[in-house]
Structures are given as structure tokens and as C-alpha cells.
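Colleague: Please take me through this model one feature at a time, with the general idea before each case.

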Amino acid sequence: MRIRIVDAFTDRPFAGNPAGVLLLDDVFPDDDWLQNVAMEVNHAETAFAHRLPEGGEADWALRWFTPVAEVAMCGHATLATAHVLHTTGAHEGPARFATRSGVLIATPAQDGSITLDFPTAPLTPAEIPAGVAEALGAQPLAAFDTGPNVGDLLLELADEKTVLGLAPDHKPLGAYSARGIIATARADDPSRGYDFVSRCFFPNVGIDEDPVTGSAHTALAPHWSARLGREDLTGLQASRRTGLVRTGLRGERTLLTGRAVTVIEGELHA
């Protein structure tokens, strides 16, 4: 079977967030095999998809695995899967994915971008946990629970420089949420093409720092839309690879728009 590595939320190779993508012939193999393939690929997520019968609410079944665990939602690997479907001719037009987070839709545009339709994360104000400032390396201004699909603690920091300068102690960050920490701040200069910055640390699923996290932007979009007074924003995830995510808050749904590039294609023999 063919296996591809796709860089998502970028228009150039070796940036954005790499994801493994496998289009399966039929049903999902057993979970141990899926997990072993994801461990072998060793990227933040590997996506597995197979076609569903016509006439249902979705066109494809989709699951995502980190090297150590299955996750409930993944934006960049969904974008990567939609990119493979459209660039290989396996699917035309909007693709509907049946996932653990409900039906997610990926719609291609003529300019090559793809827009994902995801559930908006329900943000709940939370107490800033004792010890999180020491583990993160900065004092948060506010904390928010992001709900079960995302499973992170969102921490707003003082400014962009603070977010960019973080050098956290990753292991302790896992104590504060199911997946990890989203650290964010308003952009210092929106004329640079982005409205807010973020970095994401997910020690509980084996990822010290995720390069670009689509699912986190379902929480970042309502957070910053409320503060900036606009539904449509652009976020810079300021990892070493970096990536841009255009967000559109639409009530209970959030639109995530980005590009993707296939960098490796090969044959899986296992």
C-alpha cells in the first residue's frame, strides 16, 4: 500500500506539520497494526482512511494516531489526508470524514488551499494551576479548559515575545490536561500577516512540541475572536517549522484553512 508524508499548513516542503497518510482498501486493520505504523512513521500524527459506501453521511472513515496513542481530533492530518485525496484523484469536491469527533468536512479551493469544518472548542475559564508557570517558564494571564475533543489547557501569555521565548520543562506540563498545553498571545504587529501566535506542548501523547496544530485552533479561534472582535483571523504557530492557520469562527463550527505539500511517497511492506 502507498504511504505518503505530507507537510500541512504550509505551501513549501520542510515547514508546517508533517503527517503520514495511508488510504486503505477496506476496513481498518487491527489497532496494534495502526499504532505500530504510526510509531514507525514517528510524526505527530499518522492518518488512516478508507472509503465508505455511497449514500451515507460521510465519504471516508478517518482515524489518527500519534507514535504512542490514538487521538480524538487532528487538524493537520485531516488537511494532509484531504490533500492526498484531491491530488491523487481519489476524491473530487468536498470530502466528508467520519471520525471520533463527528463528521468533518474538507473543501478544496481553486487556489489550492483546503478548508476544514471542525467543531468549535467550548472554552471554560479555569484557575491557573499551581506550578504551571514554573513548568512553562512564564506566568499566564488566564487559563481555559478546551473541552474533551481538544483536551488541552489554553494559557494566554503577556505578549508574542514571551510565547516565542518559551523553553518549558515538558514532562510536568502533562499534569494539567488530557493532552497538554496551548500557549498563546496577541501578535505584536498584525501587519506581518497574523493576528495571534501560539505554541503547543503535548507530552501526554508523546509530542513535546507540535509544529502546527489544527485542533488547537478550534480553541484559539473563539478565544481571539472574542478579544479582537473579528470572526476571521490568522494564527502563526511559532514552532521551529512554523505554519499559518486561517480561522473562521462560525458559532459552533470553526473553519481552518491552509495548504499542504506532499514531500515523500513510498510503499509500505509491513
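Colleague: Which residue just after α7 takes a positive phi, and about how many degrees is that phi?

Modeller: The residue is Gly229, which follows directly after α7 and has a positive phi of about 75 degrees. Helices here are DSSP runs of H or I with at least four residues, strands are runs of E with at least two, and both are numbered from the N terminus. Before we go on, note that this is a predicted model, in which local features need pLDDT of at least 70 and side-chain atom pairs count only at pLDDT 80 or more, while totals for chains, interfaces and linings use all residues. Residues are numbered from 1 along each chain as its sequence is written, and side-chain values use heavy atoms, with hydrogens and water left out.

Colleague: How many of the residues of helix α7 are buried?

Modeller: A residue is called buried under 20% relative accessible area, exposed over 50%, and partly exposed in between, using a 1.4 Å probe and protein chains only. In α7, which covers residues 217–228, nine of the 12 residues are buried, so this helix is largely enclosed by the rest of the structure. Among them are His217, Pro222, His223 and Trp224.

Colleague: How far apart are the end C-alpha atoms of helix α2, and what span should its residues give?

Modeller: The expected span is 1.5 Å times one less than the number of residues. For the 14 residues of α2 (residues 75–88) that gives 20 Å, and the end C-alpha atoms are 20 Å apart, so the two values agree. This helix is mostly covered, with 11 of its 14 residues buried, including Gly75, His76, His83 and Leu85. Gly89, placed just after α2, takes a positive phi of about 80 degrees.

Colleague: Which residues other than glycine have a positive phi?

Modeller: Most residues other than glycine have a negative phi, and most peptide bonds are trans. Two cases to look at here are Phe9, with phi near 60 degrees, and Thr242, whose phi is also near 60 degrees. Phe9 belongs to the loop between β1 (2–8) and β2 (17–24), whereas Thr242 sits in the loop between β15 (232–237) and β16. Their surroundings can be read from accessibility: Phe9, at 2%, counts as buried, while Thr242, at 29%, counts as partly exposed.

Colleague: Which strands are joined to β12, and do they run parallel or antiparallel to it?

Modeller: Two strands are said to pair if DSSP finds at least two bridges between them. Strand β11 (residues 152–156) is joined to β12 by five bridges and runs parallel to it, with Leu153 having Ile181 of β12 as its bridge partner. On the other hand, β13 (residues 196–202) is joined to β12 by six bridges in an antiparallel arrangement, and there Arg199 stands opposite Ala183. Strand β12 itself (residues 180–186) has six of its seven residues buried, so it is largely enclosed by the rest of the structure.

Colleague: Which residues does Arg4 touch?

Modeller: Contact means heavy atoms within 4.5 Å. Leaving aside residues up to four places away in sequence, Arg4 touches several residues, among them Ala19, Val84, Thr88, Ile264 and Glu265. Arg4 is part of strand β1, and it is buried, at a relative accessible area of 10%.

Colleague: Where is the largest pocket, and which residues are closest to its centre?

Modeller: Rolling a probe the size of a water molecule over the atoms shows where empty space is left. On a 1 Å grid over the protein atoms alone, a cavity is a set of points where a 1.4 Å probe fits but cannot get out, a pocket is an open set with protein on both sides within 12 Å along at least five of seven lines, and lining residues have an atom within 4 Å of a point. Points are joined across faces, edges and corners, and a volume is the space filled by probe spheres set on them. The largest pocket holds about 230 Å³ of space. Of its 14 lining residues, Phe9, Thr10, Asp11, Gly243 and Leu244 are the closest to its centre. Strand β16 gives the largest share of the lining, three residues.

Colleague: How many cavities of 30 Å³ or more does a search of the whole structure find?

Modeller: The search finds one, with about 50 Å³ of space. Its lining has 14 residues, and Glu45, Cys74, Arg179, Asp210 and Thr213 lie nearest the centre. Both α2 and β14 (207–210) give two or more residues to that lining.
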